[in-house]
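This report covers the salt bridges and the cysteines of a predicted model. The sequence and structure are shown first.

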Amino acid sequence: PDVVVWNPWEADCAALPDMAPLDFRRMLCIEAAAARHKVALDAGTTWFGRQTLIVQ
């Protein structure tokens, strides 16, 4: 139900082996999330989340 938008910024980008040190300037990650309301699970239960992207 939520979306998280993030960027690794300078220090974390420099630590990523597949990104050049200044690539954070051109990177934006948009991810599906369940952030606003806590998902609490009882022992032995599972929760499944998914994201569907459609190009039109």
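## Salt bridges

The predicted model contains two salt bridges. One of them joins Asp2 to Arg36, with the closest N and O atoms 3.7 Å apart. This pair ties together distant parts of the chain: Asp2 belongs to strand 1 (residues 2-6), while Arg36 lies in the segment after strand 2 (29-33), and 34 residues separate the two. The partners differ in exposure. Asp2 has 14% relative accessibility and counts as buried, whereas Arg36, at 67%, counts as exposed.

The side chains of Asp23 and Arg26 also form a salt bridge, with an N to O distance of 2.6 Å. Arg26 has a relative accessibility of 68%, so this residue counts as exposed.

## Cysteines

The number of disulfides in the structure is zero. Cys13 takes part in none, and the cysteine sulfur nearest to its own, that of Cys29, is 12 Å away. A disulfide requires two cysteine sulfur atoms within 2.5 Å. Seen from Cys29, the closest cysteine sulfur is that of Cys13; the two do not bond because 12 Å is too far.

Are these cysteines buried or exposed? Cys13 counts as buried because its relative accessibility is 0%. Cys29 has 18% relative accessibility and therefore also counts as buried; the cut-off for a buried residue is under 20%.

Note on methods: Residues numbered from 1 in each chain as written. Predicted model: local features only at pLDDT ≥ 70, side-chain atom pairs only at ≥ 80, totals over all residues. Heavy atoms only, no water. Buried < 20%, exposed > 50% of the residue type's maximum accessible area, 1.4 Å probe, protein only. Salt bridge = Lys/Arg side-chain N within 4 Å of Asp/Glu carboxyl O. Helix = DSSP H or I, 4+ residues; strand = E, 2+ residues; numbered from the N terminus.
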